[in-house]
Amino acid sequence: MDRRKFIKRCVMGGCSAALGAHAVHDFFVEDNAGGGLRVGFRNDAPAELWKWSREAAWYESRGEMVRCVLCPHECILGENDRGFCRVRVVKNGKLHTLVYGNPCTIHIDPMEKKPLYHFLPGSAILSLATAGCNLRCPNCQNWEISQAKPETTQNMDVPPAALVDATARRNVGSIAYTYSEPIIYYEYVRDSSALAKERGIRNVLVTAGFISEKPLRELCRVVDAATLDLKGFNDRLYIKLTGSKLAPVLRCLEVMREEGMWIEVSRLVVPTHSDDIEDIRRMCKWIVQALGPGTPLHFLRFHPAHKLQNLPPTPTDILERARDVALEAGLHFVYVGNVPGHPTQNTVCPGCKETAIERDGFFIKKFLLDKGRCACGEKIPGVWA
Amino acid sequence: MQRSVRLGVASLGITAFVTQVIALREFLTLFAGNELVIGVMLGNWMLLTGLGSFLGRRPGPAVSPVRKIILCQAASALLSPALLVAIRLVKQFFLQGIQPGIGAATIVSIALLAPCCLLSGFLLTRFGGLVADREGAAKIGHVFVLDTLGYVVGGLLFSFCLVHYFSPFQSLTFVMVLSLLSAVLLAMTAGRPALGVVVLAALIVALAAFWNIDVERLTARALYPGQELLHERSTPYGTLAVTRQETQINVYENGVPVGSTQDFVAAEETVHYALAQRPAAKHVLLVSGALTGAIREAAKYPLARIDQVELDPEVLAVVRKISAPEKDPRVVMISEDARRFLRRARGRYDAILMDMPDPSNAQINRYYTAEFFAEAKRALRPGGALSFRLSGSENYAGPEMRRLASSVYRSCASVFKHVLVIPGARRYFLASDEPLDYNIAARLEERRIETRYVHRSYLTAKLTEERIREAKESVSDTVDLNRDFYPTGVHAHLRYWLGHFGGGMAAPGLLVLVIGIGIAALVRASPDRPVSAAISATGFAGMGIEIVLIVAFQICYGYAYRQIGLIVTAFMIGSAAGAAWSARRAGDPRARLARLDGLLAVFAFVLAPALEALRAVDHPLIAAGGPPVIFPVLTGVTGFLGGAQFPLAAKATFQGAEKTFGRLYAVDLLGAAFGSIVISALLIPLIGIAGACYCLGGVKLASAVALRLRRGAPAESQAEVVRDTGAVAPFAVAGFVFAAIGLLIVLEETAAGVYAVSFVPAYHWALLALLAVGLIRAMEFDFGAAWRRSGMHPMRWIHFAAFSLAVFYPIFRCYFKIPYLFCHVCPRKCVFGFLRPWLVPAALIMNLEKRHWCYHACPIGTFYDCQARTGGKPARRPIVFRVTAIAVLIFTAAAYFMLKHDLAEPPAAADWYAFFYLNAFGVSAAVLATAAVLIVLAWRLRRAFCESLCPVGTFSDLMLKLDRAGRG
């Protein structure tokens, strides 16, 4: 071997060692802000921001990266990245929302459909949604809205003022932010709710509750009620069926209660996934202890939707058994939903056991409360006017 | 022994057919049942069998050891029932109840089918080598005929016997026994009695095991977790299962729950929306929907007669078992194809209430076409009402759903005066010539019909003015009508189904690409390319015409399992007859092949108007003669013309029995695989049956012309080509990886995903580690012969696999018009840009002594080398290449040293590099075109990119030249 070859070999060996050392160093240090995968859609922002974008609330800058802190996913995003919820993008180092004032669907629904049974019963509520969601439920009924990017849906131009005007003009007393996931169109919800509150229109969230605490508290100041979908009571189910976690949802419920919002809880009972009676029992015990026995609980029957097509609807026996377990655990108002004509749609007074409110589908047939009190004097929790 | 060889081949055909049909039905239980999934399953089967038969060939006339063949046959026999078990158990790995998308379907089906199909194809080729009582190319014809006859017997056996009286597992056990017995026979007559005894023992053990364990029941139970399986039956029309959970009884059809005793919403919607509006109705027809309990809802009305028509008689048996045993004398259950039944019922019904699933395949789409609506109208009394449903959404209709709904709505509105759309998660369409309205709740109350969901308490919220207006608006897209022979509904539904999952058609697209590259590589490596291409085209066109005929048959005569089975069998019989006939004739094979191609083209062209005529003409002779005579003859002729080509092609390209058979069978099956994926899911829905016929005819015409124009290859290059055949596989693999990565990067649906994957830290560490290893290898230590032997090839492929994503990425998407050069100032680096500071210096240093990076690591280099091995002699590097190489090197250096800052702000127009800046990850047609040109050039000029453009290559070249000059 001659000198030339020796030098060459040294150079190669040196470089090899350097590369190896760098790789090993990287492996151990694992600086998250450097390279690496984040929860989101890399390089997927639109070329230009459109008129329905605003600077997002609730994000932090971390050097070149941006960390969204609206929901516990806490996506770390780089320039031109899109968040997990599909509606927040980073442009020019700032986080922007793409869904400020562009709902893709608006309907006037009966209040009982949300489901909200103890909040302004029998009234109509203007329900809207934009595209996007920070969950990935395989059985989403509104998947065409929630699992879509706002650029791909047909949206209307309804800025917060116009929304509140439209609601007032139609003599509707409340707005529901629902269908997809109101958390991800946070700024729109917050501003519309603030305007609506000024005009005496109530605001309702129909949400899965996967939100961070600080943003939630701010929202609670302008939103009056929420119906929260507690999909199960263990983390494994949450990860499997939604892509999110249980603890932040429970915390959301607690915070909402602290802030004095009216809460109703619903649980979709999916066969083989969330129909375990012990899990339901644990959930009911927690609700009694954390939210109070006066919290209405709805057990909803599952129907095949989106990708979860190969499961049958929940047998009513399971729903009824769940209701029994809930009543045993101490909850006073437990309803079975999505089963037309089921007798448990009525509100029974926990004191005298008489039917205080008789419901037929989305209709109130009989309403026997006077200022929220039953004939026997028992106060039924809710927002009745 | 020859007789047992023949029996072996035949039993292979029987096993293959029965396993294929049963496996396909099981897959449809696992995945959805639309045309694309069916096409992909069938295509995967044929792709893998073709691959297996290609792998079975060996050069030269050597005869395969019989022992290996017997063992393979025994293994293949045992794999058949194992495949069924595997398909049923694989459901455990998916989320319970989820319907997997096409990507998962493709991958899982390939993984499960691979052992069975590869072995089956392999065996067929090897059997070909064993045939001793024919010479040369005649061997191949003989084996082909025998195999096809096996398919015929298998088809007849299954359609007429096995499917009706045996469960799937029992059927597969039967063919397993058949195969094992034939293996034993072969062993005995081939002078290997010991082996025969072993196989016989295996047979007995297997039979004993299956006798004691009810595998069918066990695996079926695994399909319905959380449910108690009450009844399970595999019928010609699908799998029916009845399960119980608590007090609810559910019925599943092909793994999808279609009805449950506690769910009355579907039944109420099917019946009451329409029937409430026809108070005078006396005769009502229910099409399907028996399992949801629609009969019970219809019985609430004062009707004279309720006819329930259901295709599968088993369904009616289940309905009778699970619904209340009171016999309503008004109800008549009919098991027949509904459309066929309707044709005979003229002006009989006041209401036709349909509950068919979405038009996911041609079979179901027949109930959503304009012609069907016309037939339904004829079966109605004047003013009668028709009701049917489509998938919908309560709150928002996406574009694909709008298309589907609009197409069906317009087809319906072209026949009926009034069509009403009822919004909701299931969208109901009411059609009639007399007026219809939305006051359904009021009418029901008037007539005192008890309902729970179709009731004022829910309808007031469902039928608001707003929602009705939106529903009307969502069916007002301008789209083509859905017609029998132009099934746009199938395509619209496919796009809607694909919209549920991300990724769109990426998986089938990749599959089609793989098959296309495989066909190209095989044709290229064949001694007579137009002949191989013709066989491939015949596979494609033959499969296409068969599909066209089956779809046309269903439209004209309805769906009847035995009749469809007869048609498929007729195709096989024709194929075998054609092969036998042409094997005996003398004459120039190429000319005869071209003639047959021409005949097939003419046949396809004539078929289009002929099918239209058949559908339009309403003559009793045609009605009676169609199923037993006309269609089997048509498919038989197609099979004949196709099958006759095989022995001719064998004669024209003979290189030894196994080799020729392997290659031809592979190219034929790959053509058929291509056809099965593309034709029923895309071609027929997009251009109609007539268009598909013309397209198929055109393909055959093209191959006939190619045969006439290009003479065969000269004899000298035969040897070279024989050597090159082994090079086809690596090139196909490299080409596939390149094209696959490109497709994933270019397609909008997968681009973001690929970008995310390329930034996984583990990937970067792996690449850096590989570079380090490459550098060590470049030092060329000699640890002895073993070290030298072990390293190069596997390492090279490992480098290829690892680096291809990084190195190929900029070709497909880059922030600049010229990739690879501006990475250091790129505001949004891709994985290559991110790694370039390590990759390029490492590559240059690896090239210090020899072009180690270029020849042993760079994926582009590996790709070109594989390509070079399949090509001919290269020409010398032209001068222009040297010039461009130096120019690019200078430009690269300039770009690197002159551009210092990060282009976070787009460059000013005056800056020289502004021309190259795209400000977005763009797919540049110019770059792709250049890459394509370089690939094509490389067949003549060796490593076109590396020699003409690559700066790393040029720089290394210069360094080496300097080094050599320095040495003196």
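## Worked exercises on interfaces and salt bridges

The side chains of Asp157(A) and Lys51(A) form a salt bridge, N to O, at 2.6 Å. Keep this pair in mind as you work through the exercises; the model is a predicted one.

**Exercise 1. Place the pair Asp157(A) and Lys51(A) in the domains of chain A, then describe how the domains meet.**

*Step 1.* Start with the bounds: domain 1 of chain A covers 3-97 and domain 2 covers 105-345. Lys51(A) therefore falls in domain 1 and Asp157(A) in domain 2, going by the assigned bounds.

*Step 2.* Now look at the spacing. The C-alpha centres of the two domains of chain A are 34 Å apart.

*Step 3.* Next, the contacts: 21 residues of domain 1 of chain A touch 27 residues of domain 2 of chain A. About 2,000 Å² is buried between these two domains, with carbon and sulfur atoms giving 58% of that area. On the domain 1 side, Trp58(A), Leu70(A) and Arg86(A) lose the most area to domain 2, together 30% of what that side buries.

*Step 4.* Finish with the polar terms. Between domain 1 and domain 2 of chain A there are 3 salt bridges, and 13 residue pairs are in polar contact, both residues being at pLDDT 80 or more. By class, the domain 1 side has 14 nonpolar, 2 polar and 5 charged residues.

**Exercise 2. Describe the interface of chain A and chain B, and find which element of chain A gives the most residues to it.**

*Step 1.* Count the contacts: 74 residues of chain A meet 74 residues of chain B.

*Step 2.* Turn to area. The size of an interface is often given as the accessible area lost when the parts come together. Between chain A and chain B about 6,400 Å² is buried, 57% of it from carbon and sulfur atoms. Met12(A), Asn310(A) and Pro340(A) are the residues of chain A that lose the most area to chain B, together 12% of what that side buries.

*Step 3.* Add the polar pairs. There are 8 salt bridges between chain A and chain B. Arg321(A) and Glu246(B) meet in a salt bridge through their side chains, at 2.4 Å from N to O. Polar contacts between chain A and chain B link 29 residue pairs, both residues at pLDDT 80 or more.

*Step 4.* Sort by element. Those supplying at least two residues to the chain A side include α1 (3-29), β9 (105-110) and α9 (316-329). Your answer is α1(A), which gives the most, with 15 residues.

**Exercise 3. Compare the settings of two salt bridges: Asp165(A) with Arg199(A), and Asp865(B) with Arg796(B). Are the partners buried or partly exposed?**

*Step 1.* Take chain A. The closest N and O atoms of Asp165(A) and Arg199(A) are 2.7 Å apart. Asp165(A) sits in helix α3 (residues 160-169) and Arg199(A) in the loop between α4 (186-198) and β12 (202-207), so the pair ties together parts 34 residues apart in sequence.

*Step 2.* Check exposure. Asp165(A) is partly exposed, at a relative accessible area of 35%; Arg199(A) is also partly exposed, at 47%.

*Step 3.* Now chain B. The side chains of Asp865(B) and Arg796(B) form their salt bridge at 2.4 Å, N to O. Asp865(B) belongs to helix α34 (residues 859-870) and Arg796(B) to helix α31 (residues 785-812), so this pair ties together parts 69 residues apart in sequence.

*Step 4.* Conclude: Asp865(B) and Arg796(B) are both buried, whereas Asp165(A) and Arg199(A) are partly exposed.

How values were computed
Residues are numbered from 1 along each chain as its sequence is written. Chains are lettered from A and ligands numbered from 1 in the order in which they are written. This is a predicted model: local features need pLDDT of at least 70, side-chain atom pairs count only at pLDDT 80 or more; totals for chains, interfaces and linings use all residues. Side-chain values use heavy atoms; hydrogens and water are left out. Contact means heavy atoms within 4.5 Å. Buried area is the accessible area (1.4 Å probe) that two parts lose on being put together, summed over both. A salt bridge is a side-chain nitrogen of Lys or Arg within 4 Å of a carboxyl oxygen of Asp or Glu. A polar contact is a pair of N or O atoms within 3.5 Å; within protein, one must be able to donate a hydrogen and the other to accept it, and residues adjacent in sequence count only if both atoms are side-chain atoms. Helices (H or I, at least four residues) and strands (E, at least two) are DSSP runs, numbered from the N terminus. Ala, Val, Leu, Ile, Met, Phe, Trp, Tyr, Cys and Pro count as nonpolar, Asp, Glu, Lys and Arg as charged, and the others, Gly among them, as polar. Buried means under 20% relative accessible area, exposed over 50%, partly exposed in between (1.4 Å probe, protein chains only).
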